[in-house]
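The exercises below ask you to read a structure step by step, and each task is followed by a worked solution. Please look over the sequence and the model before you begin.

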Amino acid sequence: MLELRKSKTLSYLILSASLLSSVAFAKQSVDTVPHNLSADQVYQGIKTNLESNLYSLPPRVQGHYAIRQYRMTGEDKYANGSLIDLLTIAEQQAFYNCNLDKPGFSRAESQKEVAKIKSGIRGDARKLAIAPYPEFMFYSDIILRYASRVDEFGFKGPCHDLMIKTLKNVDLAPALTDKKMIKAWAAQLINYVFWAKQMGVGDYYSAYKNAFIKAYPDSEDETLDKSQYKNKIYGMTHFIFADSGYYQRPVDAKKYQWILTYFEQNIDRILKDTTEDIITEVGIGFLITGNGNHPVVDKVKKHVIAAYNPQFKMIPSPKGEAILSSGEHRNVLAMMLLHWPETLHKGPYLNDISSTKRYLPKLVTPKSTASLTNAH
């Protein structure tokens, strides 16, 4: 047994050293590496890399990957990674939801989240924008975020009724429609809009859409620097993604033709002035609206394939860093783009899957099958 422990420890140290050396090398390797790999080869390379190292990634990242892969494939093996996400969130919900009626709690917790925002041009802008709304981050980025995820898995979380009652009494509109907030958090805000609707605690869609278009009129595109242009495009992709329940169902192209037309007319600047994450999302926006044969999709695929680094089996960050924990989002998006399914899958509904049903946290309560069938 002692020898086995020593062996495991040694293996872990060797793996850690290997990963660290790869990261260090990747930070120095900012140039694109030319290759002639096909879309399928790039997909398989990223998948093999992520899934062979998935256990070493933070629970949140494991969950992010597993949820998206389940919705792409419907394979139950990805339900276990989603269960890790639920186990983590349920504990968080028990703390946050069940203290909602405690005086000063929401403001104190919100300010803790604001304090986590890193300093810098974007971070400072976000802190300045959110200052007039001292409780907003708590209700949106914590309460609504966790509630929507638990709901998508087919459950009600702890202190559910208190949470719903509290959110119905909170008006998120002033923060959601504030121009400074949109300029700092465009994609996040549209997420909150759809999560509020999903949970039945408010319909802010029309107000946010109007405020977004007013904050980012197409006629002023030339005045936007790269940072603001990225924020605009990122926000536009999330209109579509949030409406899909994050890849659970197709989206009506007519509803978002104003976005798809904009992407088509501005794809050259998008390819030049945004990042691989955002560029890939633009391509997926066409796929999820049934426009898989659109020329923009082909342009995006070629760009994403070229950005792949065969040495590290992933698409590095804009700084050239090949770090899985921070690059999973970019790379799972690339997998989705290059291997888009004919059918999307809802959930996973963890109470209906044998491999996860027996390990559910006691803090959550399954919703009825009927409510899941009729959801959305």
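**Exercise 1: a helix and its two sides**

Task: Work out what span helix α16 should have and compare it with the distance between its end C-alpha atoms.

Solution: Helix α16 runs over residues 295-307, and at 1.5 Å a residue its 13 residues should span 18 Å, which agrees with the 19 Å between its end C-alpha atoms. The expected span is 1.5 Å times one less than the number of residues, and helices (H or I, at least four residues) and strands (E, at least two) are DSSP runs numbered from the N terminus. Next, sort the residues by accessibility, where buried means under 20% relative accessible area, exposed over 50% and partly exposed in between, with a 1.4 Å probe and protein chains only. Val-296, Val-297, Val-300, Val-304, Ile-305 and Ala-307 of α16 are buried. They lie on the same side of α16, because they cover an arc of only 160 degrees around the axis, taken from the directions from the helix axis to the C-beta atoms. Pro-295 and Lys-302, on the other side of α16, are exposed. Finally, the buried residues of α16 pack against α2 (39-53), α13 (257-265), α14 (267-273), α15 (276-288) and α17 (324-338), a contact being heavy atoms within 4.5 Å.

This is a predicted model, in which local features need pLDDT of at least 70 and side-chain atom pairs count only at pLDDT 80 or more, while totals for chains, interfaces and linings use all residues. Residues are numbered from 1 along each chain as its sequence is written, and side-chain values use heavy atoms, with hydrogens and water left out.

**Exercise 2: the disulfide**

Task: Find which residues a disulfide joins, and describe the link.

Solution: Taking a disulfide as a pair of cysteine sulfur atoms within 2.5 Å, the count comes to one disulfide. This disulfide joins Cys-98 to Cys-159, with 2.0 Å from S to S, and the link is right-handed, with 105 degrees about the S-S bond. The pair links distant parts of the chain, 61 residues apart: Cys-98 is in the loop between α4 (79-97) and α5 (105-115), and Cys-159 is in the loop between β1 (155-156) and α8 (160-168). Cys-98 counts as partly exposed because its relative accessibility is 31%, and Cys-159 is partly exposed too, at 33%. Cys-159 also has a positive phi of about 55 degrees although it is not a glycine.

**Exercise 3: the surroundings of Asp-85**

Task: Decide whether Asp-85 is buried or exposed, and then list its contacts.

Solution: Asp-85 is placed in helix α4, and it counts as buried because its relative accessibility is 4%. Leaving aside neighbours within four places in sequence, Asp-85 is in contact with Pro-59, Arg-60, Gly-63, Ile-67, Arg-149 and Phe-153. With Arg-149 there is a polar contact between the two side chains, at 2.5 Å; such a contact is a pair of N or O atoms within 3.5 Å, and within protein one must be able to donate a hydrogen and the other to accept it, while residues adjacent in sequence count only if both atoms are side-chain atoms.

**Exercise 4: confidence along the chain**

Task: Judge where the coordinates call for caution.

Solution: The protein chain averages a pLDDT (the predictor's confidence in each residue, from 0 to 100) of 91, and 90% of the residues score at least 70. Over residues 1-30, however, the pLDDT is below 50, and this stretch has 18 contacts in the model beyond near neighbours in sequence. Where pLDDT is low, the predicted coordinates should not be read in detail.
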